[in-house]
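Thank you for making time for this. I would like to walk through one structure with you, going from a few single residues to the ligand and then to the helices.

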Amino acid sequence: MRIKEYYAPTTLDEAYNLFQEELTTIISGGTWLKLLPKAIEKAIDLSKLGLDQVVEKPDTIEIGSMVTLEQLRQHPTLLALADGVIPKAINHIMGVPIRNIATIGGSVAGKFGFSDIITPLLTMGTIIEFSHMPDMSLEDYMAHKKIANDFITKIIIASVPGKAHFKSVKKTSNDFPILNICVSKLEGKYKIAVGARPAGALLAHKAMDFINEQTSITEDIISETATIAMTELTFGTNSRGSNVYRTSIAEVLIKRGLKEVQDAK
Ligand SMILES: Cc1cc2nc3c(=O)[nH]c(=O)nc-3n(C[C@H](O)[C@H](O)[C@H](O)COP(=O)(O)OP(=O)(O)OC[C@H]3O[C@@H](n4cnc5c(N)ncnc54)[C@H](O)[C@@H]3O)c2cc1C
């Protein structure tokens with residue numbers, strides 16, 4: 001990675017003001033940026049802003065954008081939350097050396113279609129905090145075109161009782177996913193997210209609305225929910241898998257996910 005000018009601001013205001021200048025790039029872990037061929041004109045390194053902490057609040061967990069994926073994978077609070085779904089999702093992202101550098105901020109800001117972390121975060125009521133802009137839900141952030149004038153400072157997830165189930169289908173354990181799904185049942189409400197379609201992860205709102213209206217959950221309701229999800233989600237083809245393959249496994253995985261979390265109160 002070639003960097004022409006390098007800045008390591010020590011306050012959020014300083015970082016924000018620098019970022020308003022032309023040709024600036026935020027660097028967190030740099031694991032993804034390092035793979036890109038072009039030189040970075042002005043790099044703004046966020047590592048001196050104290051954004052590397054996980055803080056527990058009464059109903060939320062605030063994760064600083066510079067917290068590494070490995071920190072999250074081993075964090076006791078996250079291991080205890082919703083069946084440890086976030087650490088489980090991180091388990092198969094590359095190996096420990098990359099996870100010790102790659103950050104949650106870079107993982108979310110990249111909006112990577114192959115992301116194994118955005119899919120579970122979508123089911124956890126996640127809010128994105130910026131240095132100056134108002135907070136935004138992760139779902140809105142994903143739908144928003146690139147935010148060019150501010151950067152992520154925290155990822156805030158709901159800390160509520162319930163269960164979640166994540167599954168990523170990969171050819172080998174550390175490969176990019178062919179498809180991933182997460183189903184949660186938190187405070188009695190189901191959420192279903194599907195990622196690596198190969199486009200970015202989406203929540204299946206019609207299917208969620210359908211199952212959340214039911215008074216009892218039977219095999220038929222679970223099948224119907226998965227069928228509705230398949231009518232609203234679209235799948236594509238890339239070198240890892242065809243849309244036909246993705247379509248066929250998605251429905252099965254959604255059903256399995258719903259069954260896994262069904263007994264959560
Ligand atoms: C070889 C390889 C394989 C991988 N495989 C997988 C996989 O299978 N599944 C998976 O989920 N992930 C995978 N990853 C993705 C990995 O998780 C990302 O590289 C990592 O998440 C990026 O984090 P980073 O901190 O290094 O970001 P950086 O490389 O520093 O930044 C990534 C992008 O986000 C921007 N950015 C960074 N931080 C912020 C911020 N706080 N606010 C706004 N913009 C910001 C940067 O400007 C850049 O555009 C893989 C990565 C590599 C290198």
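Leaving aside its neighbours within four places in sequence, which residues is serine 168 in contact with? Please keep in mind throughout that we are looking at a predicted model. Setting those sequence neighbours aside, serine 168 is in contact with Asp116, Pro177, Leu179 and Asn180. The residue itself lies in strand S9, which covers residues 162-169, and its side chain makes a polar contact with the side chain of aspartate 116 at 2.8 Å. Serine 168 has a relative accessibility of 19%, and because buried here means under 20%, the residue counts as buried.

Aspartate 116 takes us on to the ligand, since Asp116 is named among the closest of the 31 residues that surround it, together with Ser28, Thr31, Thr103 and Ser107. For three of these residues I can give a distance from a polar side-chain atom to the ligand. In serine 28, an N or O atom of the side chain is 2.6 Å from a nitrogen atom of the ligand. In threonine 31, a polar side-chain atom lies 2.5 Å from an oxygen atom of the ligand, and in threonine 103 an N or O atom of the side chain is 2.6 Å from a ligand oxygen atom. As for how far the ligand is enclosed, taken alone it exposes 970 Å², and the protein buries 90% of that.

Which element gives the most to the shell around the ligand? That is helix H6, with four residues; H6 covers residues 104-109, and both this helix and strand S2, residues 24-27, supply at least two residues of the shell. If we sort the shell by class, we find 16 nonpolar, twelve polar and three charged residues.

Staying with helix H6, I would like to point out valine 108, whose place is in that helix. Is valine 108 buried or exposed? Its relative accessibility is 0%, so valine 108 counts as buried. Not counting residues up to four places away in sequence, valine 108 touches Ile118, Leu121, Ile128, Leu138, Tyr141, Ile152 and Ile155. Lysine 170, by comparison, is 62 residues away from valine 108 along the chain, and the C-alpha atoms of the two are separated by 20 Å.

Let me turn now to two helices, H10 and H11. Helix H10 runs over residues 219-232, and at 1.5 Å a residue its 14 residues should span 20 Å, so the 21 Å between its end C-alpha atoms agrees with that expectation. Its buried residues are Ile221, Ile222, Thr225, Ala226, Ile228, Ala229 and Met230. When you look at numbering of this kind, it may help to recall that an α-helix has 3.6 residues a turn, so residues three or four places apart point the same way. The cover over the buried residues of H10 includes strand S11 (189-195), helix H9 (205-212) and helix H11 (243-261).

For H11, the 19 residues should span 27 Å at 1.5 Å a residue, and because the end C-alpha atoms are 27 Å apart, the two values agree. Buried in H11 are Arg246, Ile249, Ala250, Leu253, Ile254, Gly257, Leu258 and Val261, and what covers them includes S9, strand S10 (179-186), S11, H9 and H10.

I will finish with some residues in loops. Glycine 84 sits in the loop between helix H3 (76-80) and helix H4 (85-90), and with a relative accessible area of 4% this glycine is buried. Beyond residues up to four places away in sequence, glycine 84 touches Leu78 and Leu79, while arginine 73, eleven residues away in sequence, is 8.8 Å from it, C-alpha to C-alpha.

Two residues have a positive phi although they are not glycines, and the first I will mention is methionine 94, at about 45°. Methionine 94 lies in the loop between H4 and helix H5 (96-99) and, at 42% relative accessibility, counts as partly exposed. Glutamate 187, with a positive phi of about 50°, is found in the loop between S10 and S11 and is exposed, with a relative accessible area of 56%.

Lastly, the peptide bond from arginine 197 to proline 198 is cis, with omega near 15°, and proline 198 has its place in the loop between S11 and strand S12 (202-203).

Methods: Residues numbered from 1 in each chain as written. Predicted model: local features only at pLDDT ≥ 70, side-chain atom pairs only at ≥ 80, totals over all residues. Heavy atoms only, no water. Expected span 1.5 Å × (residues − 1). Buried < 20%, exposed > 50% of the residue type's maximum accessible area, 1.4 Å probe, protein only. Contact = heavy atoms within 4.5 Å. Near = heavy atom within 4 Å. Polar contact = N/O pair within 3.5 Å; in protein donor to acceptor, adjacent residues only side chain to side chain. Areas by Shrake-Rupley, 256 points an atom, 1.4 Å probe, with all protein chains shown as cover. Nonpolar A, V, L, I, M, F, W, Y, C, P; charged D, E, K, R; others polar.
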